[in-house]
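Open the model in your viewer and keep the selection tool at hand. The tour goes from the ligand outward.

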Amino acid sequence: MAMSLKRPQLEENLTAEKRHKIKRKKAPWWHSDIIYQVYPRSFCDSSGDGTGDLKGIASKADYLKELGVGTVWLSPIFSSPMADFGYDVANFTAIEPLFGTMDDFDALRAALHDRGLRLVLDFVPNHSSDEHEWFVKSRRKEEPYADYYIWADPKGFDEEGQPIPPNNWLSVFRGPAWTWAEERQQFYFHQFLAKQPDLNFRNQRVRDEMKNILKFWLDKGIDGFRIDAIKHLFEVADLSQDEPVAKNSGVEDPMDYGCLSHPFTVNQPETFEVVKEWRDIMDQYPEKLMMVEMWDRDIGEVMKYYGSDSVPLADFPFNFLLIDSFRNRSDLSGAALKDALDLWMDNMPEGKWPNWVLGNHDNGRVGSRFGEDLIDALNMLVLLLPGTPVTYYGEEIGMVDATVSWEETQDPQGRHYGREKYLEHSRDPARTPMQWDSSAFAGFTKGKSTWLPVNKNYKTLNVQAQSRADTSHLKIYKELARLRKREPFAGGRTAYPVVTREAFSVLRYLEGYESYLLVMNTSEEELEVDLHQHANMELPPTAEVVLRSVTDTAEATVPGSEVNLSELKLVAGEGLLLRFAEF
Ligand code: TEU
């Protein structure tokens, strides 16, 4: 067969049997797990206060097990005034009372572990809350905390006697990245909100504190970390330098983060030293997962976080290319999908492991970004590619962005842009409560209100309805989670036999096993495609349908049917998973 092969992990010329032996012996658990992101405020509320909590999550442990995910990653659950909904931590080793107690945490960990599921926590090292004891003391210049944060004198004073920040650096959330502290008569730096002052990683004590925090949670038996906003960890030491205006950004608002480029505030070389220190700590425990969150257009910068064979860093930096390459449906085509997959695989260092992220709490829901018709096809894609898929809660049932009015808007990123523009920036629409059933508040709470509105579509779009339906996003997801454990997916090879504007296909195959072919129609129209005409390799004349998108109700593609690959019909956005004997 003439095709281009990608085998991220295994030697090309080994026999299938030997490959399996190596794989069984060596592959870490997170190669086979699906990582499922729970946004704790929005998953399940046991207390009735309208915000999700740990007991609520624990009550859904059976659901998660049955879903077929292996690892549960929780967005921050630590003590927090909730200015950025937990990403502003006031005590890194205490549980936020809104979410419960340390006993609830232990019970949740046990509930997951008892079911063979793993638990990964969010680690937010770049900043703390301004209500953290360290910052309160630092603001008073109390030792040893005085230099725990990035403090700077004003560049001068304006005509009204107001202090001028040391440079033009901007906050990711809009506006100056410097806030004046009366008490200390200095500015402090915050890459995000003023309520999220950046920690000073040039201070050894800060580095030690953070290491101890990692150990604290590892000693509690968690299985790894997702590390937040890693590229922001260091800034240049010389604070006198302005960041340059970004060329061709198209951003007009001078207070928008996008209008500057950021040579002095992200991806500084020192960051990798610190990540290495964390890796070393994690390696003192058996098989802990380290995922880093790194959002950057520069793929080379992203890949650096994998490290190398001699200096391994994260197990993977999140792969956001499936979010970032296509902001909407019109950007999506078979060819563009192939480019996005290749961009990761071709740049990933030798011997490293890929991952695929379709959505998270900072981005719109998959169905809203691309179109609901593509939900199943995209789940098929990320769950069947080689690599670790990351699923944001609710994506398994195809939740879509909810309408959140200006009055209801909670997200500080949205609020910072004001009533006119909040919709472009608010992350709330993708953070609404999980839709469990058709009862009040979608079964998310027994209380009288919820922190964000429940999507109005919950009466029909919910877990219970999809469990009962003959076909549903949920049923497809579960089937995929089961299928991906089979050898052609777990340890097989990958090829892309047909890539056109409207069609994309992925073949997973392994000597001695049946081959699986996923065919996707990326267009918004029905498609009839002759795979043989377009294929860059030999394909059999027919194949058996294994799974199809919920939108396809044709007689010819009922699972189990034999379809002719010369005249394959797909509805708009469909994913069709086919199987044929090894050939
Ligand atoms: O997000 C980090 C974040 O905002 C960056 O990835 C950002 O998009 C990029 O640097 C802009 O170029 C994390 C969390 O996911 C988010 O929810 C938090 O608000 C943020 O950190 C602050 O902790």
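Select D362 and the ligand: a polar side-chain atom of D362 is 2.5 Å from an oxygen atom of the ligand, a polar contact (a pair of N or O atoms within 3.5 Å). Next, add H232, where a polar side-chain atom lies 2.7 Å from a ligand oxygen. Then add R226, with an N or O atom of its side chain 3.1 Å from an oxygen atom of the ligand. The protein covers 88% of the 510 Å² of accessible area that the ligand has on its own (Shrake-Rupley method, 1.4 Å probe).

A note on the model: it is predicted, so local features need pLDDT of at least 70 and side-chain atom pairs count only at pLDDT 80 or more, while totals for chains, interfaces and linings use all residues. Residues are numbered from 1 along each chain as its sequence is written, and side-chain values use heavy atoms, leaving out hydrogens and water.

Now select every residue with a heavy atom within 4 Å of the ligand. There are 19 around the ligand, and D84, D228, H232, H361 and D362 come nearest. By class, this shell holds seven nonpolar, four polar and eight charged residues (Asp, Glu, Lys and Arg count as charged; Ala, Val, Leu, Ile, Met, Phe, Trp, Tyr, Cys and Pro as nonpolar; the others, Gly among them, as polar).

Colour the domains, whose bounds come from an automatic or database assignment: domain 1 (1–31 + 492–583), domain 2 (33–124 + 319–478) and domain 3 (127–198 + 236–265). Why does the ligand lie between domain 2 and domain 3? Both give residues to the shell around the ligand.

Finally, select domain 1 and domain 2: 32 residues of domain 1 are in contact with 35 of domain 2 (heavy atoms within 4.5 Å). Their C-alpha centres lie 28 Å apart.

How values were computed. Polar contact = N/O pair within 3.5 Å; in protein donor to acceptor, adjacent residues only side chain to side chain.
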